[in-house]
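User: I would like to learn how to read the features of a structural model step by step. Could you take me through one, giving the general idea before the case at hand?

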Amino acid sequence: MLTKEEKKVIKQKKKRTAVYLLPWVTAVAMFIQSLDGTILNTSLPSIARDMDYSATQMHSAIVIYALTLALFIPLSGWLADKFGTRTMFIIAVALFIAGSLFCALSVSLLTFNLSRVLQAIGASMMVPIARLAILYQYPKSKLLKTMNFITIFGLLGMVVGPSLGGFLSDKFSWHWIFLVNVPIGIIGISMAKRIMPNFKKAVGKFDFRGLVYFSFALIVITMILELLSSGLTNWAILLGGLLLFNVLAALYYYHYKRTEKPIIDLRLLNIKTLRVGLTGSLITRLGIGGLPLLLPLMLQTGFGYSASVSGLLLLPSALANVAIKPFMVQIIKSLGYRTVLISNTILLGVVLVILGFLEKDTPISYYIILMIFYGFFTSIQMSAMNTITLVDLDENTKSGGNTMLVIMQQLSVSFGVSVASLILSFFGSDVIGFNITESFHYTFIVLAVITIFSSLIFRRLSESDGRGYM
């Protein structure tokens, strides 16, 4: 029989082990979500052929997934605080696994889209709740190092996703791109049961009306962005959507002012680092978010490269993104958040400007070098932006601030692609009359200007912001 003292020692050892391993649980969630987000794109043509649909019809699976995320992300913080981080994380991963399994078993577009909805409900809570547990568990002094660690696995998922999706579809069948989520998800659930604390916080009455206003505003703006990125230029529909978005946003703002505990507390924007981090992140992502779309498109349609070569040229960026992570903490500690964010956005803009001057006969080695630098700078930027956004949150504001960051990140993915597509279409239109190569050149230059502009937002930080938490 163990004595009380021995039991206490064992319990403390288990607690220390749990604290050490908690980032690995979040890393699994980051990996599986980023893997799923990139693995599908390369396999959609195979799914369309197998189900006897057009590729355009299959695009609805991506749109529905994005809309479901917009609907449920605002719920994640409230549910985690109400029922516990471990409980809701396990439910989220279980829903994601179930959705993945049903996707693999789907025989029609309807069943496939319904399965994607279930998968997206799980995804909308999986990473936000895992990251919220990190915020509750670790002191601010360890936030940068821990966030930097878990981000690596999100990047690995993005690197592995496209090539794995193509390999599984070609060598086996598209069903396996969803089935691979099942064992990874089961590992995540098993780890969470043993490792993740079940943090709970006092929450007020559920703000259903606020959720309706806010989530439907997100759905409308997400739909507009999806329509823009797919090439729709019916301005009556787009302007009508923008009007509806503004009405819903105004209704939410009026409701929030009259509600003690709204679903998304806009008062958190009074926290300077959160406000600057969110605003600067959004503008930065507008500038750089379109590059994964533009570069392969320019190389294929403008310069005549094959799809495989143009896709592989993104790989140096992804690998550099991962390679710089071990040095990230020291870089930000040495220079400070303000200096890193200002200088880094300018360097990213310079890379985009140089890409705007490349020609058809530019050697491949130039692209590789540029993409390595782009990967380094992007990695530094994302880590610095994400952590400065969260550093000044306390126990009462961590959940709301984390949810706002997730919403901004999700929207910025669509924003980046849509803005890049719009600018490219503008330069290629009859009004401007540029040829295809010139259109890409000027698009990169405009995106560079947007990226550099975000440095002005980060100038609002002081030298001391974030210094005490590194």
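User: How many helices and how many strands are there in the protein?

Analyst: This is a predicted model, and in it the protein has 19 helices and zero strands. Of its 470 residues, 53% count as buried, and among contacts between residues at least 6 apart in sequence, 84% join residues at least 24 apart. The protein exposes about 21100 Å², of which carbon and sulfur atoms supply 67%.

User: How should I read a nonpolar core, and which residues of the largest one touch the most other members?

Analyst: The general idea is that in soluble globular proteins nonpolar side chains tend to be buried together. In this case the largest nonpolar core holds 119 residues, and those that touch the most other members are Phe 89, Met 126, Met 196, Leu 291, Leu 295, Leu 352 and Leu 355. Helix α5, which covers residues 109–137, gives the most to this core, with 13 residues. There is also a second, separate core of 24 residues, including Leu 109, Ile 152, Leu 155 and Val 180.

User: What does Met 126 touch, once residues up to four places away in sequence are not counted?

Analyst: With those left out, Met 126 touches Ala 29, Ile 32, Gln 33, Phe 89, Ala 92, Val 93 and Phe 96. Phe 89, one of these partners, is also listed among the residues that touch the most other members of the largest core.

User: How do I read empty space in a model, and what is the volume of the second largest pocket?

Analyst: In general, rolling a probe the size of a water molecule over the atoms shows where empty space is left. Here the second largest pocket has a volume of about 620 Å³, and of the 20 residues that line it, Phe 214, Leu 218, Leu 266, Ile 407 and Leu 411 are the closest to its centre. The elements that give two or more residues to this lining are α9 (208–229), α10 (235–257), α11 (272–288) and α18 (398–428), and α18 gives the most, with five residues. By class, the lining has 18 nonpolar, one polar and one charged residues.

User: How many cavities of 30 Å³ or more are there, and which residues line the largest cavity?

Analyst: The count comes to four cavities of 30 Å³ or more, and the largest cavity has a volume of about 50 Å³. Its lining is formed by Leu 135, Tyr 138, Pro 139, Lys 140, Leu 143, Leu 390, Val 391, Leu 393 and Lys 398, which by class gives seven nonpolar, no polar and two charged residues.

User: Turning to single residues, why does Asn 148 count as buried, and what is Asn 148 in contact with?

Analyst: Asn 148 counts as buried because its relative accessibility is 6%, and the cut-off for buried is under 20%. Asn 148 is placed in helix α6, residues 143–171, and, leaving aside neighbours within four places in sequence, is in contact with Lys 325, Met 328, Val 329 and Ser 383. From C-alpha to C-alpha, Asn 148 and Phe 327 are 9.8 Å apart in space, although 179 residues apart in sequence.

User: Is Ser 100 buried or exposed?

Analyst: Ser 100, which lies in helix α4 (residues 85–105), counts as buried because its relative accessibility is 0%. Leaving aside neighbours within four places in sequence, Ser 100 is in contact with Gln 119, Phe 178 and Asn 181.

How values were computed:
Residues numbered from 1 in each chain as written. Predicted model: local features only at pLDDT ≥ 70, side-chain atom pairs only at ≥ 80, totals over all residues. Heavy atoms only, no water. Core = buried A, V, L, I, M, F, W, Y, C linked by side-chain atoms within 4.5 Å. Buried < 20%, exposed > 50% of the residue type's maximum accessible area, 1.4 Å probe, protein only. Helix = DSSP H or I, 4+ residues; strand = E, 2+ residues; numbered from the N terminus. Contact = heavy atoms within 4.5 Å. 1 Å grid on protein atoms, 1.4 Å probe; cavity = no way out; pocket = protein on both sides within 12 Å on 5 of 7 lines; lining within 4 Å. Points joined across faces, edges and corners; volume = space filled by probe spheres on them. Nonpolar A, V, L, I, M, F, W, Y, C, P; charged D, E, K, R; others polar. Areas by Shrake-Rupley, 256 points an atom, 1.4 Å probe, with all protein chains shown as cover.
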